[in-house]
Amino acid sequence: MTLAGKTAIITGSNSGIGLGIARELAKAGADVVLNSFTDSQDDHALAEEIGKEFGITARYIKADMSKGDECRNLIEQAGGCDILVNNAGIQHVAPVDEFPVDRWDAIIAINMNSNFHTMAAALPHMRKRGWGRIVNIASAHGLTASPYKAAYVAAKHGVVGMSKTVALETAQEPITCNAICPGYVLTPLVEAQIPDTMREYDMTRDEVVKNVMLTRQPSKEFATVEQLGGTTVFLCSDAAAQITGTTISVDGGWTAL
Ligand code: NAD
């Protein structure tokens with residue numbers, strides 16, 4: 001499968017799932033635009049590395065996904081967009097009556113509102129080019145809930161609903177819009193939590209992973225960033241041209257429970 005000649009913009013892609021997706025899209029031949037809210041040498045070096053490794057054009061563009069105008073500027077600065085992956089996201093955990101208002105606002109802005117702004121800016125480019133793929137990274141929490149995650153669950157359910165609406169609005173065009181719903185994914189952020197939890201509960205790594213982190217994931221295995229990248233590449237393929245307005249769970253059976 002080749003995505004040569006396509007430009008893919010992946011929000012929040014200087015680490016974790018976004019970086020994994022960017023690498024798989026680059027491996028499939030797409031030119032990639034990496035993004036985050038920082039603008040360090042490392043950010044630009046990362047893009048250069050991916051460009052060299054896969055023989056494609058890779059750029060890094062700073063844009064803060066909590067700000068609507070920066071979301072829209074990202075698409076314009078990239079000079080167009082064939083594949084849009086909305087991945088930037090943050091988390092905060094607290095009971096609803098104690099949830100800090102600034103954390104609520106930030107989660108809704110970054111995890112949900114950014115998808116509205118980037119999709120609105122990207123669709124005219126996709127229409128002009130006669131092809132487009134939108135992949136929104138939601139979560140198992142876009143389909144189910146957990147206590148203390150009111151903002152995250154609200155935002156991710158919003159992303160799932162917004163994806164369905166955009167799919168209906170583009171249904172008769174060569175553009176698709178879907179949401180991927182990952183369960184627990186082994187990102188550097190998650191990996192870093194393991195040693196502390198091992199100490200806290202006096203458990204082995206395996207016990208922490210199976211009995212603490214993956215209690216709701218029946219496979220008892222993390223999903224990987226490569227698997228999420230592969231699912232994204234599949235959604236960009238011709239085989240997926242009639243897959244639109246739906247969710248694909250990559251969650252080891254979580255939502256089957
Ligand atoms: P991560 O923290 O490794 O990556 C988040 C990315 O978003 C980073 O690149 C970060 O720089 C970027 N980001 C944060 N705030 C931003 C802002 N204001 N503007 C631009 N970029 C910003 O986390 P991750 O685990 O890779 O999560 C990526 C996405 O996957 C999120 O939307 C998250 O909700 C979702 N997700 C993760 C898991 C998991 O288990 N890791 C499970 C389900 C869904």
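Biologist: How many nonpolar, polar and charged residues does the shell around the ligand have?

Modeller: In this predicted model, the shell holds 14 nonpolar, 13 polar and 2 charged residues. The classes follow residue type, with Gly counted as polar.

Biologist: What makes a residue part of that shell, and which are the closest?

Modeller: One of the residue's heavy atoms has to lie within 4 Å of the ligand. The ligand is surrounded by 29 residues, and N14, I17, S36, N87 and Y152 are the closest.

Biologist: Which elements give two or more residues to the shell?

Modeller: They are the helices α1 (16-27) and α5 (150-169), together with the strand β2 (31-36).

Biologist: Why is the pair formed by S36 and the ligand called a polar contact?

Modeller: The cut-off is 3.5 Å between N or O atoms. A polar side-chain atom of S36 is 2.7 Å from an oxygen atom of the ligand, so the pair qualifies as a polar contact.

Biologist: What about S15 and N87?

Modeller: For S15, an N or O atom in the side chain is 2.9 Å from a ligand oxygen atom. For N87, a backbone N or O atom is involved, at 2.7 Å from an oxygen atom of the ligand. Both distances are within 3.5 Å, so both pairs count as polar contacts.

Biologist: How much of the ligand's accessible area does the protein cover?

Modeller: On its own the ligand has 830 Å² of accessible area, and the protein covers 88% of it. The space that the ligand takes is the largest pocket.

Biologist: Why is D202 called exposed?

Modeller: Exposed means over 50% relative accessible area. D202 has 71%, so it is exposed. D202 is in the loop between α6 (188-201) and α7 (205-213).

Biologist: What makes the phi of D202 worth a remark?

Modeller: Most residues other than glycine have a negative phi. D202 is not a glycine, yet its phi is positive, about 50°. K220 is another non-glycine residue with a positive phi, near 60°.

Biologist: Where is K220, and why is it called partly exposed?

Modeller: K220 is in the loop between α7 and α8 (225-235). Partly exposed covers the range between 20% and 50%. The value for K220 is 28%, so the label applies.

Biologist: How do you know that K164 belongs to the partly exposed class?

Modeller: Its relative accessibility is 45%, which is not over 50% and not under 20%, so K164 is partly exposed. K164 is in helix α5. Its C-alpha atom is separated by 20 Å from that of G183, with the two residues 19 apart along the chain.

Note on methods. Residues are numbered from 1 along each chain as its sequence is written. This is a predicted model: local features need pLDDT of at least 70, side-chain atom pairs count only at pLDDT 80 or more; totals for chains, interfaces and linings use all residues. Side-chain values use heavy atoms; hydrogens and water are left out. A polar contact is a pair of N or O atoms within 3.5 Å; within protein, one must be able to donate a hydrogen and the other to accept it, and residues adjacent in sequence count only if both atoms are side-chain atoms. Accessible areas come from the Shrake-Rupley method with a 1.4 Å probe; for residues, only the protein chains shown count as cover. On a 1 Å grid over the protein atoms alone, a cavity is a set of points where a 1.4 Å probe fits but cannot get out, and a pocket is an open set with protein on both sides within 12 Å along at least five of seven lines; lining residues have an atom within 4 Å of a point. A molecule sits in a cavity or pocket if more than half of its atoms lie within 2 Å of its grid points. Helices (H or I, at least four residues) and strands (E, at least two) are DSSP runs, numbered from the N terminus. Buried means under 20% relative accessible area, exposed over 50%, partly exposed in between (1.4 Å probe, protein chains only).
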